[in-house]
Amino acid sequence: MAELNVSRKDIRKLFTDMQGKKFIIPEYQRPYKWNIEKCETLWQDILDFYESDTSQKQEYYLGTIVSYKSEDNDKEVDIIDGQQRITSFFLLLRAFYTRLEQMTSDPRVNGLMGQIAPCIWDVDSISQLVEDKKKTHIESKVATDDDNHTFHTILETGHLSHVKKDRYSINYNFFLTKCQEYASLNPIKWQELCVTILQRCIILPIECDTPDTALRIFSTLNDRGMPLADSDIFKSEIYKSKPSSDEKYAFNEKWKDLTEVCKKSDLTIDDIFRYYSHYIRAVNGDKSKEIALRKFYQTGGIKNEKLHHPDLMPNIIDLSLFWLYINKNEKHESISVDFNIYTWKQLQILSTYPNEYWKYIVSVYYLINRSTSTFNDNFPKFLENLQAFLLVRFIENPSVNAIKDSIYQHCIYIANSQDHSFTREINDDQLRERLPIYSYSRITRSLLLLHAYQNKHQMDLIPNGHDIEHIFPKKWQNTNYNGWEQIDAKNYLEKFGNKILFEKRLNIQAGNGYFNAKKTHYSKSNIANVVELANHKNTDWVKEDIIEREERLISDLISYFKKVLN
């Protein structure tokens with residue numbers, strides 16, 4: 001029978017009991033994820049408790065932590081649930097200690113430093129002084145090497161690199177700022193607040209006898225306001241399934257790599273697992289309604305069989321590297337595909353599409369075709385066909401339901417090496433009637449990008465840092481302008497014919513000027529459509545120009561859709 005030992009400890013007791021020991025954040029845990037909002041809630045709750053309890057006899061309950069002593073090292077205590085709070089308290093106590101270091105030495109300051117020091121570091125058993133600040137009471141085996149270095153540098157030195165944007169640095173800076181502000185305004189109360197945190201903030205540690213017992217509790221408990229991500233559960237399940245310590249270690253290293261790649265790609269690990277779920281669905285011919293990610297991976301013929309499939313982690317890592325290439329143009333040596341300029345143009349258009357369904361089918365296409373010799377030639381054609389279909393369907397019916405069934409079905413076609421081309425009978429009149437509606441919508445940028453790339457002189461990629469420029473200025477000025485009235489400006493301002501993509505820097509310089517004044521800035525653009533405006537024969541931009549340009553843009557788009565989809 002599993003044994004649990006539940007005790008009651010204040011923060012000082014919990015942390016000082018770790019003399020000669022370490023809290024360990026195991027490899028299968030999630031990384032440190034608390035944000036400023038979580039830290040602010042913790043700080044404000046403790047502050048409210050301290051300032052409202054005039055009797056100074058009450059206690060502030062911080063919840064439970066779940067742990068077990070490492071099987072390999074009795075000096076290590078693995079934290080299974082509560083690591084977000086434990087890590088945050090180390091940062092908070094280091095912020096208090098840093099503030100005390102900055103103060104003039106006196107018995108009270110020295111006394112407080114003497115209470116905090118053994119919470120963070122090992123101290124000499126006789127002098128009670130810290131001899132080596134590298135000997136901290138916490139170590140994360142899940143954090144990346146860079147984040148780990150940052151965290152331990154903060155604990156060791158109290159110094160903060162302001163160029164760092166990791167959670168440790170951001171949250172430590174928050175706590176340090178709060179400590180300094182409160183100490184400046186309340187120099188006596190600040191020291192009492194410090195004592196309150198150490199002696200009246202209570203934790204209930206649940207110490208388990210085996211890792212399996214701890215993990216079962218871990219699967220049902222969450223940190224305060226910090227529910228487990230689906231990928232946290234997946235990581236725990238996969239880790240538990242590894243039979244040897246060597247395999248567990250190898251898996252943890254792969255997961256760290258995956259975490260780092262996703263961080264660089266501005267994706268979550270959940271995102272990659274979601275993309276990959278559509279590959280599994282496609283291979284299995286599944287076009288049913290999509291279900292929650294955790295349920296998808298934990299149901300099947302055998303529970304968790306998808307998580308234990310030998311191809312899962314190699315494919316997940318490969319897929320994450322593929323998206324790193326797409327999102328950041330950072331190509332890993334293991335990725336064999338190469339994108340040409342036309343591929344990048346199509347991806348840029350798709351990146352502005354208002355939902356993520358295109359990412360699902362692109363992921364499926366990559367995983368099925370990545371090893372083929374024709375991938376680099378066929379991929380841009382596939383993307384062109386996909387974006388044309390998505391844009392036309394949005395114009396016809398701007399809802400997710402209009403595309404998702406087709407996406408699911410075409411994923412299956414791809415998996416079965418069937419013809420996966422999207423075809424669509426283009427109704428000229430219907431598109432010509434509906435397109436103007438989308439001059440001010442979620443796909444306006446997509447359509448303007450597509451039209452910009454139809455210009456044969458647009459050889460290079462359009463910079464991602466671009467604005468939608470209103471050729472006739474957006475802000476009305478009370479002056480005569482070639483017959484324009486304010487009501488006319490309102491009616492014509494948001495038409496396609498009055499909009500163009502323009503580099504952000506140049507757009508700021510052009511400001512809200514009239515057409516002739518802005519032409520000088522247009523001439524400096526690297527966007528062919530903008531340069532053509534700079535060469536416009538007239539000095540004024542009038543209603544007839546907007547109408548003419550809108551008709552041309554709509555005709556160009558319809559011709560393109562017909563060419564690609566018919």
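**View 1. Lys328, at 40% relative accessibility, counts as partly exposed, and here is its salt bridge.** The partner is Asp266, with the closest N and O atoms 2.6 Å apart. The pair ties together distant parts of the chain, with Asp266 in the loop between α10 and α11 (269-283) and Lys328 in helix α13, 62 residues apart. Asp266 has 59% relative accessibility and counts as exposed. For these labels, buried means under 20% relative accessible area, exposed means over 50%, and partly exposed is in between (1.4 Å probe, protein chains only). A salt bridge here is a side-chain nitrogen of Lys or Arg within 4 Å of a carboxyl oxygen of Asp or Glu. Helices (H or I, at least four residues) and strands (E, at least two) are DSSP runs, numbered from the N terminus.

Before moving on, a word on the model: it is predicted, so local features need pLDDT of at least 70 and side-chain atom pairs count only at pLDDT 80 or more, while totals for chains, interfaces and linings use all residues. Residues are numbered from 1 along each chain as its sequence is written, and side-chain values use heavy atoms, with hydrogens and water left out.

**View 2. The whole chain, for orientation.** Stepping back, you have 566 residues, of which 52% are buried. The secondary structure adds up to 24 helices and 9 strands. Along the principal axes, the C-alpha atoms fill a box of roughly 90 × 65 × 40 Å. Look at contacts (heavy atoms within 4.5 Å) with a separation of 6 or more, and 74% of them involve residues 24 or more positions apart. The chain exposes about 26,600 Å², with carbon and sulfur atoms supplying 47% of that; accessible areas come from the Shrake-Rupley method with a 1.4 Å probe, and for residues only the protein chains shown count as cover. As for charge, there are 74 positive and 79 negative side chains, and the centres of the two sets lie 3 Å apart. Lys and Arg count as positive and Asp and Glu as negative, leaving out His and the chain ends, and each charge is placed at NZ of Lys, CZ of Arg, CG of Asp or CD of Glu.

**View 3. Asp147 and Lys263 pair up in a salt bridge.** Side chains of opposite charge can pair when their charged atoms come close. In this pair, the closest N and O atoms of Asp147 and Lys263 are 3.4 Å apart. Distant parts of the chain are linked, as Asp147 belongs to helix α5 (residues 145-157) and Lys263 to helix α10, 116 residues apart. Asp147 is buried at 14% relative accessibility, whereas Lys263 is partly exposed at 45%. Also in helix α10 (residues 245-265) sits Thr259, a buried residue with a relative accessible area of 15%. Not counting residues up to four places away in sequence, Thr259 touches Pro31 and Ile269.

**View 4. A salt bridge joins Glu396 and Arg393 in helix α16.** Their side chains meet at 2.7 Å, N to O. The two are 3 residues apart in a helix spanning residues 375-396, so about one helical turn separates them. Both Glu396 and Arg393 are buried. Elsewhere, salt bridges with shared partners join Lys9, Lys13 and Asp17 into one network. The count for the model is 24 salt bridges.

**View 5. Ile341, Tyr342 and Leu461 make a nonpolar surface patch.** Together they offer about 240 Å² of accessible area. Ile341 belongs to helix α14 and is partly exposed, at 40% relative accessible area. Patches are built from residues with over 30% relative accessible area and no salt bridge, joining like charges within 9 Å and nonpolar side chains (Val, Leu, Ile, Met, Phe, Trp, Tyr) within 5 Å.

**View 6. Gln128 and Asn329 have positive phi values.** Neither is a glycine. Phi is near 60° for Gln128, which lies in the loop between α4 (107-120) and β6 (138-140). Gln128 is partly exposed, with a relative accessible area of 44%. For Asn329, phi is about 50°, and its loop runs between α13 (312-328) and α14 (341-351).

**View 7. Glu550 is buried in the model, with a relative accessible area of 9%.** Helix α24 (residues 543-565) is where you'll find Glu550. Leaving aside neighbours within four places in sequence, Glu550 is in contact with Pro436, Lys495, Phe496 and Gly497. Don't look for Thr268 in this frame: C-alpha to C-alpha, Glu550 and Thr268 are 40 Å apart in space, and they are 282 residues apart in sequence.
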